[in-house]
Amino acid sequence: MDPITEELFRNAVAALGDEMVLTIYRTAYSGVLKNIMDYSAALCDADGRLVAQGLSLPGHLCSIPVALQAALRHYGDDIAEGDILINNDPYDGGMHLPDIFIFKPLFADGHVIAYAATICHHTDVGGRVPGSNASDSTEIYAEGLRIPPLKLYERGVPNATLFRIIERNVRVPTRVFGDLRSQLAACEIAARGMLDIVARYGAEQVRTLMAATMDYSERLTRHCLAQLPDGEATFTDWIDDDQIDEGVPIPLVCTVRKHGETMEVDWTGSAPQVKGAINNTWSYTAAASFTAVKSVLSINMPNNDGVFRPISVIAPEGTIMHGKLPAACAARGLTGFRAVDCCFGALAKLYPDRVFAASDGGNTGLTIGGYDKDLQPFIYVDFISGAWGGRPWADGLDGNTCMFANMASFSVEVIEAENPLEVLDYEFVPDTGGAGKFRGGIAQRKTWRMLADEGILQVRADRQTHRPYGLKGGGPGAAGRNMMDPGQASEAKLHSKITMTLRRGQVFRHDLPGAGGWGDPLARDLALVAKDLRDGLVTIEGAARDYGVVARGDPPVIDAAATETLRVARRTTRPPLTDVTWQPPSVMAGSTPAFGDVNL
């Protein structure tokens, strides 16, 4: 095949995937899609293999082909023009119930040539709580409407029975159906684009080019893996708890084995599946594994089935990394995000110059839902994330979603316009990024006041007791925290995971964890510390405590001579630096923890 033709085709299908993503962005009804962008779109071949994925979520890297292939197992050759497939069943190809897959077969010469695929996180799919995303459900039957692989349309005719079932089982059917139509629109855009591509190349050559596109990514992946030294490393991280068994840490164990041009990511040793709703599906664990591995490769090859072929993922069934029916999984996002950091920990032992420290732990999921005086429902769904770990070459990113999520920030103005809520602040919290030669990203804070009579507050968060780790002597990020009525007489610290009633006038505050730092904090460039001081990301006290930097005045000015004296003294008295750091030096030395060093 002509390499120029292959390159033109790769770009054509990639652009078509991006056009699908933009279609959802422009036409979606719900904030979780049009503002946060919790969705993905892709093109698959006739066998359900991923050919191109639009610019959206790495968390959906391999979920689309797994869900599509589950549907194809049900229907086999019983696929006709005008059919639309739907699926959200975590135990039949899906991930968690709010994520609804829509697949449209694309035909050429009377045969399926490809599938347009979309997945969207829907505002509500029923169940015991608004938003269908609580972390304290204990079986999937409490989480919402479970849709096995079915035909939403058959030969162009809508499945009226299925539409009625969906309508009667979700709290906000107008929003759900609006978002489903958005998915259908994206699939129609893909159908039109594929017709143009087939007209240009011919159906048989398009099939050949799709296979060549996947083979190209496989060659690049194998080439990049072959450049890395062989080896094996194991890393263990802990989730604080599952909200049901409070205070009982949950181990995640990742072993990476690299040999030649292949790599194995093995989650054997991770905790058995838990009672709370944070159990992963295999596809989500695999997506986390692929995301972590792909991030250390030297070439950014197209995301498709070829990337998956040299990388094997082992996740024993019945564990938190591969739940077994009837395990609850609505809040499985937490475990997936943490799986990326855990896999990074193993990769850091093998390739320390390529891996950054722990992120903020992935996004925090928050939902506030209820009914107004006219019994009309409101549901606000938000995913808050914003700190990367320090990198071997640069600071961690501030105010940027973790790489596995790749979501956007929910506009404060839109939150207040569409929900009975007032956002009191949305800001960085100083001194929360893990100290290091390259510091971790700074934590964010968001505070809401309830304006309705009451509603149900759900929070899926973590890293209050097991903080984001630092690497190569870098310090851990600050712990996350949840507060009710901060600064008032009724102020109360809350658990990391919450399902509770929020009443009119009550104020809820969430602080994300900070991200871990990389490298010796006493080796941090003074110019970088000075910039952080000017920007208000580090305080004068924090600069002295974490970096051995002496600064005075407003605006702060660094005293270079006093700083050198302090740093020399610190180097002689501090504990030895470690490759992985879970606690700051002040705690390891037995001194009183400073702000942000709580709940160790």
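**Notebook: surface, fold and largest pocket**

I began with the accessible surface of the protein, which comes to about 21,900 Å², with 53% of that area belonging to carbon and sulfur atoms. I keep in mind throughout that this is a predicted model.

Next I looked up burial, and found that 60% of the 600 residues of the protein count as buried, where buried means under 20% relative accessible area.

For secondary structure I noted 14 helices and 24 strands in the protein. The radius of gyration is 24 Å, close to the 25 Å that the globule rule gives for 600 residues, so I record the protein as being as compact as a globular protein of that length. Along the principal axes, the C-alpha atoms fill a box of roughly 80 × 65 × 45 Å.

I then turned to contacts between residues at least 6 apart in sequence, and saw that 72% of these join residues at least 24 apart.

My last entries concern the largest pocket, which holds about 740 Å³ of space. I listed 30 residues in its lining, and those nearest the centre of the pocket are Leu 55, Lys 294, Asn 300, Met 301 and Asn 303. By character, the lining divides into 14 nonpolar, 12 polar and 4 charged residues.

Which elements supply at least two residues each of this lining? I found helix H1 (3-27), strand S2 (50-53), helix H6 (203-227) and helix H7 (282-295). Of the contributors, H1 gives the most to the lining of the largest pocket, with 6 residues.

Conventions. Residues are numbered from 1 along each chain as its sequence is written. This is a predicted model: local features need pLDDT of at least 70, side-chain atom pairs count only at pLDDT 80 or more; totals for chains, interfaces and linings use all residues. Side-chain values use heavy atoms; hydrogens and water are left out. On a 1 Å grid over the protein atoms alone, a cavity is a set of points where a 1.4 Å probe fits but cannot get out, and a pocket is an open set with protein on both sides within 12 Å along at least five of seven lines; lining residues have an atom within 4 Å of a point. Grid points are joined across faces, edges and corners, and a volume is the space filled by probe spheres set on the points. Helices (H or I, at least four residues) and strands (E, at least two) are DSSP runs, numbered from the N terminus. Ala, Val, Leu, Ile, Met, Phe, Trp, Tyr, Cys and Pro count as nonpolar, Asp, Glu, Lys and Arg as charged, and the others, Gly among them, as polar. The radius of gyration is taken over C-alpha atoms; the globule rule is 2.2 Å times the number of residues to the power 0.38. Buried means under 20% relative accessible area, exposed over 50%, partly exposed in between (1.4 Å probe, protein chains only). Contact means heavy atoms within 4.5 Å. Accessible areas come from the Shrake-Rupley method with a 1.4 Å probe; for residues, only the protein chains shown count as cover.
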